[in-house]
Amino acid sequence: MYSRRNFGSAKEISYRSTSQSPSLDVRDGYTEQQQLQYTKYLKKLRNEFEERWCKTPTFDIAFSDLERVKTLGTGAFGRVILLKHLKSSKYYAMKVLEKEKIIKMKQVDHTLYEKRILEAIKFPFTVSMECSFKDNSYIYFIMPFIPGGEMFTHLRRMGKFEEPLAKFYASQVILAIEYLHFCNLVYRDLKPENILIDKNGYLKITDFGFCKILQGRTWTLCGTPEYLAPELILSKGYGFSVDWWSFGVLLFEMNAGYPPFYANDPMKTYEKIVSGKYRCPSSFNADLRDLVRNVLQVDITKRLGVMKNGVMDYKNHRWFRGIEWEAILNCRIPPPFIPKYKSPGDTSNFERYDEESITPASYCRFESEFMDF
Ligand SMILES: Nc1ncnc2c1ncn2[C@@H]1O[C@H](COP(=O)(O)OP(=O)(O)OP(=O)(O)O)[C@@H](O)[C@H]1O
Ligand SMILES: [Mg+2]
């Protein structure tokens with residue numbers, strides 16, 4: 001049914017359930033027993049996350065050995081630049097954040113979280129930190145370079161994703177959210193711009209700028225208008241449910257080519273979101289409509305992922321019938337789409353950006369605020 005060929009990072013993570021008849025399980029959906037076993041595995045990953053969270057990491061890359069190539073992306077808080085490591089010829093992506101801007105935008109706590117989370121997470125569908133640096137004016141996060149570009153770029157180019165591709169991506173995003181939530185991390189910025197496609201065709205979620213460890217509820221208004229959950233807009237105090245809502249928006253956008261709640265004015269977008277009213281395009285089949293309806297539930301007690309069966313409600317939903325969750329996790333399913341990629345430093349999957357010079361001040365700025373970085 002699927003090739004056993006390894007399409008990705010099975011070295012990084014190789015999960016096997018001890019189930020005797022995986023193909024039977026697949027036909028019958030994802031069984032309680034499979035999930036129980038997977039939960040044991042997630043516990044191991046969470047322990048590793050917690051160990052790394054408490055440790056100060058050591059790096060063997062010197063900043064002076066990294067050569068700047070070009071800008072890959074810009075965001076609200078900084079820019080991401082392609083780097084070449086001169087000794088190994090390996091390529092990296094470096095997120096550059098200006099201390100002054102972080103202070104002005106009151107993002108010191110978020111940025112410290114971003115750093116520590118990037119250092120501690122390890123999952124096939126998330127980026128992680130290779131090393132970090134700071135100088136008089138800037139903070140630098142160095143990550144592996146994910147050359148396939150943003151999901152956003154490919155989605156706009158293709159118009160919308162064919163159902164098998166949308167399903168392939170959705171299943172990876174579900175596994176990533178399940179992992180993050182298991183580590184008590186709420187992500188809060190799921191959108192096609194923050195999802196990268198690796199050279200093997202599998203996803204890597206980037207941008208942990210709004211991610212944080214969550215105990216109980218939180219109130220911070222953050223994220224991207226079209227992707228904000230109603231409970232977040234209504235300042236009710238919210239939890240992990242916001243990521244499942246954003247997943248619902250992503251699911252819709254991947255299949256339709258546009259998000260379910262949209263207006264030129266963000267306030268109007270928010271009104272539409274809290275009303276929970278949207279229209280599915282006629283191309284959505286009954287299973288997809290049912291899935292979207294159950295995720296985009298304003299009432300969080302009815303939202304898929306939040307209810308007592310948790311992620312199992314996704315893994316056993318009819319739209320995901322045929323998805324082999326363990327094979328997806330181990331990158332053993334041939335991807336329906338593989339981005340064009342000519343050579344190691346190829347940036348053709350990224351847009352062009354104007355370059356800006358990075359000139360640190362001659363004295364250390366905001367030293368105490370960035371002591372823990
Ligand atoms: N590891 C990576 N490899 C390749 N490109 C990357 C990588 N990380 C980020 N990028 C690119 O840089 C862009 C900006 O990065 P990021 O989203 O982390 O910045 P940001 O300032 O926090 O953005 P936002 O406006 O979403 O808050 C991404 O959308 C992506 O195109
Ligand atoms: Mg971003």
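Visitor: Which helix is included in what covers the buried residues of α10?

Guide: This is a predicted model, in which local features need pLDDT of at least 70 and side-chain atom pairs count only at pLDDT 80 or more, while totals for chains, interfaces and linings use all residues. Residues are numbered from 1 along each chain as its sequence is written, with chains lettered from A and ligands numbered from 1 in the order in which they are written. Covering rests on contact, meaning that the C-beta atoms of two residues, placed from the backbone, lie within 7 Å. For the buried residues of α10, the cover includes α8 (241-256).

Visitor: How many degrees around the axis of α10 do its buried residues cover?

Guide: An α-helix has 3.6 residues a turn, so residues three or four places apart point the same way. Helix α10 runs over residues 286-295, and L288, L291, V292 and V295 are buried in it (buried: 20 or more other C-beta atoms within 10 Å of the residue's own; exposed: 12 or fewer; partly exposed: in between; C-beta atoms placed from the backbone). These four lie on the same side of α10 because their arc, taken over directions from the helix axis to the C-beta atoms, is only 95 degrees.

Visitor: How far apart are the centres of domain 1 and domain 2?

Guide: The domain assignment, which is automatic or from a database, gives domain 1 as 56-147 + 344-373 and domain 2 as 151-329. Across the interface, 14 residues of domain 1 are in contact with 20 residues of domain 2. The side of domain 1 that touches domain 2 has 10 nonpolar, 3 polar and 1 charged residues (nonpolar: Ala, Val, Leu, Ile, Met, Phe, Trp, Tyr, Cys and Pro; charged: Asp, Glu, Lys and Arg; polar: the others, Gly among them). Taken over C-alpha atoms, the distance between the two centres is 26 Å.

Visitor: Where does ligand 1 lie with respect to the two domains?

Guide: The shell around ligand 1 holds 11 nonpolar, 6 polar and 4 charged residues. Strands β1 (66-74), β2 (78-85), β3 (91-98) and β5 (138-144) each supply at least two residues of this shell (strands are DSSP runs of E with at least two residues, helices are runs of H or I with at least four, and both are numbered from the N terminus). Domain 1 and domain 2 both give residues to the shell, so ligand 1 lies between them.

Visitor: Which residues come nearest to ligand 1?

Guide: A residue is near a molecule if its C-beta atom, placed from the backbone, lies within 6 Å of it. There are 21 residues around ligand 1, and those that come nearest are G73, G75, V80, A93 and D207.

Visitor: What is the phi of D207?

Guide: D207 sits in the loop between β8 (203-205) and β9 (212-213). It counts as buried because it has 23 C-beta neighbours inside 10 Å. D207 is not a glycine, although its phi is positive, at about 65 degrees.

Visitor: Is S89 buried or exposed?

Guide: S89 has a positive phi of about 65 degrees and is not a glycine. Its place is the loop between β2 and β3. With 9 other C-beta atoms within 10 Å, S89 is exposed.

Visitor: Which residues does K95 touch, leaving out those up to four places away in sequence?

Guide: An unreviewed UniProt entry has the annotation "binding site" on K95; such annotations may be inferred rather than shown by experiment, and positions follow the numbering used here, with feature names shortened. K95 is in strand β3. It is buried, as 28 other C-beta atoms lie within 10 Å. Beyond the excluded sequence neighbours, K95 touches G78, V80 and F141.

Visitor: How far apart in space are K134 and K99?

Guide: K134 is in strand β4 (residues 131-134), where 18 other C-beta atoms within 10 Å make it partly exposed. Not counting residues up to four places away in sequence, K134 touches I139, Y140, F370 and F373. K134 and K99 are 35 residues apart in sequence, and their C-alpha to C-alpha distance is 9.3 Å.

Visitor: How far apart in space are G237 and T218?

Guide: G237 belongs to the loop between α7 (230-233) and α8, and it is exposed, with 11 other C-beta atoms within 10 Å. G237 touches R217 and W219, residues up to four places away in sequence not being counted. G237 and T218 are 19 residues apart in sequence, and from C-alpha to C-alpha the distance is 5.3 Å.
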